[in-house]
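Biologist: I would like a close look at a single part of this model, taken strand by strand, with enough of the surroundings to place that part in the chain. Please give the cut-off behind each term as you go.

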Amino acid sequence: MKILVANLGSTSFKYRLFDMAEEKQLARGGVERIGSPSSRCYLTVGSRQHEEQRPVPDHAVALQWSLEKLTDPVLGCLKDPGEVAAVGFKAVHAGAVTGVQYVTEELLQAMEAMNEVAPAHNPPYVRAMRLLREKMPQIPLVAAFETDFHQTIPERNRLYGIPLEWATQWQIRRYGFHGASHRYIAGRVAELLGRRDLRIISCHLGGSSSLCAIRNGQSVMTSMGMSPQSGLPQNNRVGDFDPYALPLLMKHTGKSLPEILSIMASQGGLLGISGLSGDLRDLFQAASQGNQRAQLALEVFASDVRHYLGVCLVELGGVDVLVFTGGIGENQPPFRAMVLQDLKELGLVLDITRNAELRGEGPIHAAESRAQIWVIPTNEELVVARLTKRLLEG
């Protein structure tokens, strides 16, 4: 069974193609600048690479181009587009609707109902999914929701301090996200250590970041709440924020609530604090040159990660394995060191040399560390492919 896993943006279509018989990645590619007269279309199959510029008006055409190239006798790895059993999506939010679902009009409407909660994610996914259903109905579409992994979180960690009717009638509660990544980490740690009865803290740190406390392979607490705008400060999204500041901001700026929320979702986070960038590579470089706002952004981010690390430690009653994953977690040794500074009394001791030299997967804890500390590259697309395969097989 071959499954194509899609990652959608408002003007982008990226994918990975898996052969699920051996869970082997066959190809990756996509289209950037969709809607432009010169969209960038690219494909990688093994050592073969192909790129071209051409007009791609919408996501359906992007998928059609990708299937044409995947079945090209010279470039591709498929004999026929019919070999693709389904397209799986790492979908974000549909409120109380979660799990792994076939994409139907009813499901799309449930996602649309959460557009205000996930403004950066849901609208482009809904538009593209609806278009693909209309133009390519022969290919099953499957949504694997990020909220699914967090359904095991107990109610005491899901409820806000609001009238209970708001939660029961309108599902105003903590949902959690990055579920595919945290699920992969839980499974991979169990494989590496040969145990499932572990207390794991998964630190998914990247352009979007969250921490998850995992006990016996199940999520019991996570830093994100009702929306992906919450929790840690993101690259350009605000993170946790007191809602009572909103009327004051509206009064002082003269902006409407939608305008303020739009700024918080696009000009906040590390970008807002630094005034420079939401990318840690830029911030470390600027900080090394004396940029104080860049240094402040790094310190705020590290402090918030440490805050939620402490929350996870208390929830789990300790930790057996701490994992760094995501673009920042996997590739920024200096930031890992900032997060773990002076945590020996909590059983977390970093091996400075291992941390600096590691590339890829491996342990970075010191011999005296009571808990193991690992860097594990995540594979969200493989998780989506596995979940899609399971749904197709009934």
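Modeller: The chain exposes about 18000 Å², and carbon and sulfur atoms supply 50% of that area; accessible areas come from the Shrake-Rupley method with a 1.4 Å probe, and for residues only the protein chains shown count as cover. This is a predicted model, in which local features need pLDDT of at least 70 and side-chain atom pairs count only at pLDDT 80 or more, while totals for chains, interfaces and linings use all residues. Residues are numbered from 1 along each chain as its sequence is written, and side-chain values use heavy atoms, with hydrogens and water left out.

Of the 394 residues in the chain, 52% are buried, where buried means under 20% relative accessible area, exposed means over 50%, and partly exposed lies in between (1.4 Å probe, protein chains only). There are 14 helices and 14 strands in the chain, counted as DSSP runs from the N terminus (helices H or I of at least four residues, strands E of at least two). The radius of gyration, taken over C-alpha atoms, is 21 Å, close to the 21 Å that the globule rule (2.2 Å times the number of residues to the power 0.38) gives for 394 residues, so the chain is as compact as a globular protein of that length. Among contacts (heavy atoms within 4.5 Å) between residues at least 6 apart in sequence, 59% join residues at least 24 apart.

The part I would look at closely is an open sheet of six strands, in the order β11-β10-β9-β12-β14-β13 and with mixed pairing. Its edge strands are β11 (218-222) and β13 (362-363), each of which pairs on one side only; two strands are taken to pair if DSSP finds at least two bridges between them. Strands of a sheet pair through backbone hydrogen bonds, either parallel or antiparallel.

Within this sheet, strand β12 (residues 321-325) has five of its five residues buried, so it is largely enclosed by the rest of the structure. Both of its faces are covered, with V321, V323 and T325 buried on one side and L322 and F324 buried on the other. To one neighbour, strand β9 (residues 199-204), β12 is joined in parallel by five bridges, and here S202 stands opposite V323. To its other neighbour, strand β14 (residues 372-375), β12 is joined by four bridges, again in parallel; in that pairing Q372 of β14 is the bridge partner of V321, and W374 stands opposite V323.

Moving outward from β14, the pairing with β13 is antiparallel and rests on two bridges, with P363 standing opposite W374. V323 and P363 thus both stand opposite W374. On the other flank, β9 is joined to strand β10 (residues 210-215) by six bridges in the antiparallel sense, and S210 of β10 is the bridge partner of H204.

A helix, α10 (residues 292-316), lies across β9, β10, β11 and β12 and runs at about 15° to β10; for such angles, axes are lines fitted to C-alpha atoms, for helices over the stretch in contact, and angles run from 0 to 180 degrees between N-to-C directions.

Further along the sequence from β14 comes helix α14 (residues 380-392), whose 13 residues should span 18 Å at 1.5 Å a residue; the end C-alpha atoms are 19 Å apart, which agrees. That expected span is 1.5 Å times one less than the number of residues. The buried residues of α14 include E380, V383, V384 and L387, and the helix is followed by G394, whose phi is positive, near 75°.

Two of the residues just named, E380 and V383, are also contacts of A180, which touches K90 and E146 as well, leaving aside neighbours within four places in sequence. A180 lies in helix α5 (residues 179-193) and is buried, with a relative accessible area of 7%. Although A180 and K90 are 90 residues apart along the chain, their C-alpha atoms are separated by 7.7 Å.
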